[in-house]
Amino acid sequence: MHELSRDDARRIAVRAQLLDAARPRDLFEVVRHLTALQAEPTNAIAPSADLVLWSRLGSSYDPAELRDALDEQALVEHQGFVRPIEDLALYRAEMAAWPGTGPLKDREVWRAEWVEANDACRRDVLELLRSDGPLPTSAIPDTCEVPWRSSGWNNDRNLQRLLALMVERGEVVTVGRQGREPLWDLAERVYPDDPVPDVEEARRIRDRRGLRALGLVRRSTAGEPARVEGVRGRWRVDPELLDTTLDGRTALLSPFDRLVFDRKRLLELFGFDYQLEMYKPAEKRRWGYYALPVLHGDRLVGKLDAAADRAEGALVVHALHEDVDLDDDARDAVLAEVADLARWLGLEDVWDQRGCLVRGRTALWS
């Protein structure tokens, strides 16, 4: 049992996420190590996948590289995440076993029965994609006979839910986007003919790769057991990251970045309170519509509330919310990242919320 301080845990987590000073060199190195980028297209600043890659690679990263990799199907979008195409074999075992392995849960039985009740629509989708695909969702008719019932967002979104379940079954796949709409095609045209491990082996491999990407996790078959001082429960740690130092740097992170996406882990290890607030009414937001967590060394020190005003050619900084008091060097490092973000976006200026040009730390924090 490894005994870790919170400082140890943070250093392990930051290094595992490729956020130390030794930057990776190319897009594929990042995606293969992180295992996935969330394909969230909100463009208040830039789509999440692009922000994640910029925060690792720096301004040498060109978003066209990601689009090209998706077009060439070196990377694919699977269940809302961009993944290396060779990793799909680790998910195809579960596709083949759909709706589940072992005794089925009530939810799994219900979903299987719903797909069977709408089998005619499923066959319509497959036939249409075989003849005319790839197609955006809007070009695929909804011929479902039994509606999808939900108390939430997905109520009556029959076609969208059917397509999602057909992805789980290994029948269709997202091959790009037309605007904000996913483009669909037959999985058999995209998935490589790689050997597929059985379900348990696939899960073990995914656990190993997930631990390597995160450094420290709650539940996994990989790694070695650990306790974190002051945090309840047990963890699994990547032993290769033990007893190593962190050469830290400053980074602005996507709200969907894997370092911050697990809010409970974020609070336990970093003491960082954060929520994505774009779904909240404006008057209920504390930090802003699409506030970027700010990493400095092994600490998350604040949130940057900013937006890209492409018509004016400026990155508008509404506020920088400090969680801890920063010294001048730390503030200069954050400001340098803000300026680098603007340059990477092709924006000539950084403005504060009053429309004043930001040229030094005082303007940004006043």
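**Exercise 1. Describe the overall make-up of the protein and state whether its radius of gyration fits the globule rule.**

Solution. The protein contains 12 helices and 15 strands, where helices (H or I, at least four residues) and strands (E, at least two) are DSSP runs numbered from the N terminus. Its radius of gyration, taken over C-alpha atoms, is 22 Å, close to the 21 Å that the globule rule gives for 366 residues, so the protein is as compact as a globular protein of that length. The globule rule is 2.2 Å times the number of residues to the power 0.38.

The model is predicted: local features need pLDDT of at least 70 and side-chain atom pairs count only at pLDDT 80 or more, while totals for chains, interfaces and linings use all residues. Residues are numbered from 1 along each chain as its sequence is written, and side-chain values use heavy atoms, with hydrogens and water left out.

Next, take the extent: the C-alpha trace spans about 65 × 55 × 40 Å along its principal axes. Of the 366 residues, 49% count as buried, that is, under 20% relative accessible area (over 50% is exposed, in between is partly exposed; 1.4 Å probe, protein chains only). Finally, among contacts (heavy atoms within 4.5 Å) with a separation of 6 or more, 60% come from residues 24 or more positions apart.

**Exercise 2. Determine the strand order of the sheet that contains β11 to β15, and trace the connection from β14 to β15.**

Solution. Step one is the order: 5 strands form an open sheet, β11-β12-β13-β14-β15, with mixed pairing. Two strands pair if DSSP finds at least two bridges between them. The edges are β11 (250–252) and β15 (349–352), each of which pairs on one side only. Neighbouring strands are turned by 30° against each other on average, direction ignored; axes are lines fitted to C-alpha atoms, for helices over the stretch in contact, and angles run from 0 to 180 degrees between N-to-C directions.

Step two is the hairpin. Strands β13 (299–309) and β14 (314–322) run antiparallel and are joined by 8 bridges. Ala308 faces Leu315 of β14, and Lys303 faces His321 of β14. The hairpin has 4 residues between its strands, and Gly313 takes a positive phi near 70°.

Step three is the parallel pair: 4 bridges join β14 to β15, with Val316 having Trp351 of β15 as its bridge partner. The chain passes from β14 through helix α11 (328–344) to β15 in a right-handed β-α-β crossover; right-handed means that, with the strands pointing away from the viewer, the path from the first strand over the helix to the second runs clockwise.

**Exercise 3. Locate helix α1 relative to its sheet, and decide whether Asp20 is buried or exposed.**

Solution. Begin with the sheet: 4 strands form an open sheet of mixed pairing in the order β1-β9-β10-β8. β1 (2–4) and β8 (216–217) stand at the edges with a single partner strand each, so one side of each has no neighbour in the sheet. β9 (224–228) and β10 (235–237) run antiparallel with 3 bridges, and Glu224 stands opposite Val237 of β10. Helix α1 packs on this sheet, touching β1, β8, β9 and β10, and its direction makes about 95° with that of β1.

Then follow the chain. In α1 (6–16), the buried residues include Ala9, Ile12 and Val14. Leu18, after α1, has a positive phi near 60°. Asp20 lies in the loop between α1 and α2 (27–34) and is buried, with a relative accessible area of 11%. Beyond its neighbours within four places in sequence, Asp20 contacts Val14, Arg15, Leu246, Asp247 and Arg249.
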